[in-house]
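Hi everyone, thanks for coming. I'd like to walk you through some side-chain contacts and a few backbone details, so please have the model open as we go.

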Amino acid sequence: MAANGRSMPKGLVRIVLRIDLLTGCAFSLALATGLAATPAQAQDFQNRPVAPPVPDAPVANAPTAAPAEDQVQFSANGLEYDTNTEVVTATGEVRMFREGDRLRADKVVWNRKTGKVLATGNIAVTNPQGDIAYGDEINLTDSLKDGVVDNMLVVLEQGGRLAAKQGTREADGTVNLKSAAYTPCGVTNSAGCPKEPTWKITAVRVTYRPERKRIYYSGARLHLFGLPSLPLPKFSNPVGGGSDSGLLSPNGGYSRVNGLEVSVPYYWKLAPNQGLVITPHIYSSVLPMAQVDYSALNSKGAFSVRAYATESRRSDDLTTAVSTDTSMAFRGYIDGMARYQLSPNWSASGSLRLTTDRTFLRRYDISRDDRLRTTASLERIDDTSYLSISGWYAQTLRVNDSQGQQPIALPEIDYRKRFDDGLVGGRFQLQLNTLALTRTDGQDTQRAFASLQWDLRRFTNWGQEVTFTAFARGDLYNTNDTLATTNISYRGLEGFHQRVIGAAAVDVKWPFIGTFLGGTQRFTPRVQFVAAPKVANLSLPNEDSRAVDLDDTNLFSLNRFAGYDRFEDSSRVTYGGEWALDLPGIAFTTNVGQSYRVDKRPTILPDGTGLSDRFSDIVGRSELRFRDFVSIVHRYRLDKDGFAIRRNELDATIGSRATYVLVGYLKLNRNIDASIEDLRDREEVRLAGRVQFARFWSAFGSGVVDLTNTAEDPLSRSDGFTPIRHRLGIQYEDDCLRLGGTWRRTYNDTGDARKGNSFLLTLAFTNLGR
């Protein structure tokens, strides 16, 4: 140390001085400046060779009281104080601490007469939030609120770096930078070597307003991949970690019907938890379209809505190949959703999906859905009970469907309660359900039922798992306008009708486990006995049990109809088995099964469902997994008589997250009556894949081909190989940029949604319009 110019003993010295906000000012200036750098042609974004300061370990006999708010703790290898000039000089690993702010420098000089404070040499500053600033020199005025920073580098905790040769900070915190640059991109490669960022913004002058957390540029240029720069005379962006009003990333594209398309979204930040995005879509061949997105979030839940509106020619005739009946009309679509957790048990949710016509979504490439559902639901869930009050409305977009035949549910009430029987250790489940369906031009149905199911699960001394089930249900139906339903088996009888259902079942599984090929195998035979008396089915309407189809998921179900309106009133035995093999990195599972109906009474199940005869068809499922690289699932149904394949379904995924191929194949050859529209036969193949051919570059594609012919479905228009749509694209994506192009082609005309090619270009920058 030194006093009156005399040298003092060397060593680590700790002292608390009332230097008014020295570190705080230095830190604030460095943080506000961001990343100071050399001129725009050579900004230095690379990390500096010093580590950020960390708090030192406590020193023996040091004061335990916390320093005052304006006090700065610091340590250094050497400290000199000249009483004549009133200059304090700290040298050698100088560290300063004030509250959560930390400063490290090679040398700090404070002139108490002039009020000048200068920190030099390998400066590193850290704030409580983790932002780190680096530099060579910090020069402060005697107010310690204004100052100049030379050759500074700040790495923001939110991501991003600012560089400037020199920056000045005003008293209100505003920072002005000269010859500056900004990037949120990584500046080193995977090997840790320096690299040029993917993109950066350079500017003659930059203003940073910390209260807005936003950077403003003057005379700016955008540099992408080192290509010729794009001028941005007036521009601003947030520093990250939040949102603010402004333009979002634009998109561009082309389609046969609409022509060239450019969309530039603008985001309004209405509040920290609310935002509005307005997107004008400009087309070269048709009128513009407006898109509005609104979203809000609070402590109870979230709400969002999206709407489109335009005017264009609409085809009202969708049945002819070349439609000529077109007219100018208002067209649009609204899509909203909300979900709120009202209490730990109660929640409310809903969705809104409506469009003006059946081809709007496909023409403007918004959605490929063929049905839109609007829903509302109120739910209560606890450990032993469930209550749901819900309703929905369906809008069909299918060509030949009548909107008047679409059901409106107002409401459906479903209550379920589980409780122990208290005698033998079984469990009861009580269900109460009511549903009211109405149609604007069709059959109306009201339904109510109460059911009680008892289950008892036990294990024998030999290891069998035995489950006993008893089931009882009472139904009450009211039906009106049954003649409006064309399929007679779906109508039921007019007026009020009731039904009583009963069933009992015993299900036995007997697993055998052993070693095989260095792994573990498990074989589990299974048999189920079900007894059920004949019940009234055809006298009641069928609203929710139309698409019945035997497969591995419902083979052992008590009722193999999908809904409540039909119940399988047959006594039967169902048998099958499952074999599972687990090897290091490999898992294989396969199961197969069949059922036999004991009673001889006629069944309500139509031919082609696999359940119409006393012996059912044979169904099975196999799954193979190899680590996270291969997943293959095969499902099938074989005709019991000649083993003809009635269902053949394959889903395969092979590859990693970066490079993979997906294959999906489905063939339904059930020989079912064409009048049952819910069970039509079809055949199709789905392909998708992605190939990463460089670290950040990948190519992708997908396609759907209809392989159905008239022999499989007399109502099909496919010739046995009809592509539906496909897409191909290429994409670049790293930590701060996404750039891609996609080519899509559709092969079907539906009114004004014409077949043809469309192209989409996407470009998104981190912290710029995202």
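Let me start with a word we'll need throughout: a residue is called buried under 20% relative accessible area, exposed over 50%, and partly exposed in between. Tyr294 comes out at 23%, so Tyr294 is partly exposed. Please also keep in mind that this is a predicted model.

Tyr294 brings us to the aromatic rings. How many aromatic pairs does a search of the whole structure find? The search gives 20 aromatic pairs. Tyr294 and Phe303 make one such pair: their ring centres are 6.1 Å apart and their planes meet at 55°, so the pair is tilted. The partner, Phe303, has 30% relative accessibility and counts as partly exposed too.

Rings also come together in a cluster. Here the ring pairs link Phe225, Phe696, Trp697 and Tyr732. Let's stay with Phe225 for a moment. You'll find Phe225 in the loop between β14 (214-224) and β15 (230-238). Its relative accessibility is 37%, and that makes Phe225 partly exposed. Phe225 also belongs to a nonpolar patch on the surface, together with Leu227, Val691, Phe693, Trp697 and Ile730. The accessible area of this patch is about 550 Å² in total. So Phe225 and Trp697 turn up twice, once in the ring cluster and once in the nonpolar patch, because a residue can enter such a patch if it has over 30% relative accessible area and no salt bridge.

Now for charges over rings. Which ring does the charged end of Arg473 sit over? That would be the ring of Phe449, with 4.7 Å to the ring centre. There is another case at Arg526, whose charged end sits over the ring of Phe556, 4.0 Å from the centre.

On to my favourite part, the salt bridges. The count comes to 45 salt bridges. One of them joins Asp552 and Arg635, with 3.0 Å between the closest N and O atoms. Asp552 lies in the loop between β33 (519-531) and β34 (572-583), while Arg635 is in strand β37, so this pair ties together parts that are 83 residues apart in sequence. As for accessibility, Arg635 is at 18% and counts as buried.

Asp552 and Arg635 are also part of something wider. A network of salt bridges links Asp549, Asp551, Asp552, Asp617, Arg635, Arg637, Arg647, Glu649, Arg670 and Asp681.

Let's pick out Arg637 from that network. Arg637 is in strand β37, which covers residues 630-638. Is Arg637 buried or exposed? Arg637 is buried, with a relative accessible area of 0%. Its side chain has a polar contact of 3.2 Å with the side chain of Asp549, and another of 2.5 Å with the side chain of Asp617.

Asp681 and Arg670, also members of the network, form a salt bridge with their closest N and O atoms 3.3 Å apart. Both residues lie in the loop between β39 (660-668) and β40 (682-692), so the pair ties together parts that are 11 residues apart in sequence. Both Asp681 and Arg670 are buried.

For a salt bridge with an exposed member, look at Asp641 and Lys640, whose side chains meet at 3.6 Å, N to O. Asp641 has 60% relative accessibility and counts as exposed.

Let me finish with the backbone. Where is there a cis peptide bond? The bond from Leu410 to Pro411 is cis, and its omega is near -15°. Pro411 is part of strand β27, residues 408-420.

I also have positive phi values to show you. Asp365, a residue other than glycine, has phi near 55°. You'll see Asp365 in the loop between α2 (360-363) and β25 (371-381), and at 39% relative accessibility Asp365 counts as partly exposed. Phe643, again not a glycine, has a positive phi near 60°. Phe643 sits in the loop between β37 and β38 (645-655). With a relative accessible area of 53%, Phe643 is exposed.

That's my tour. Thanks for listening, and I'm happy to go back to any of these spots with you.

Definitions and conventions. Residues numbered from 1 in each chain as written. Predicted model: local features only at pLDDT ≥ 70, side-chain atom pairs only at ≥ 80, totals over all residues. Heavy atoms only, no water. Phe/Tyr/Trp six-rings, centres within 6.5 Å; stacked < 30°, edge-to-face > 60°. Buried < 20%, exposed > 50% of the residue type's maximum accessible area, 1.4 Å probe, protein only. Lys NZ or Arg CZ within 6 Å of the ring centre and 35° of its normal. Helix = DSSP H or I, 4+ residues; strand = E, 2+ residues; numbered from the N terminus. Polar contact = N/O pair within 3.5 Å; in protein donor to acceptor, adjacent residues only side chain to side chain. Patch = residues over 30% accessible without salt bridge, like charges linked within 9 Å, V, L, I, M, F, W, Y side chains within 5 Å. Areas by Shrake-Rupley, 256 points an atom, 1.4 Å probe, with all protein chains shown as cover. Salt bridge = Lys/Arg side-chain N within 4 Å of Asp/Glu carboxyl O.
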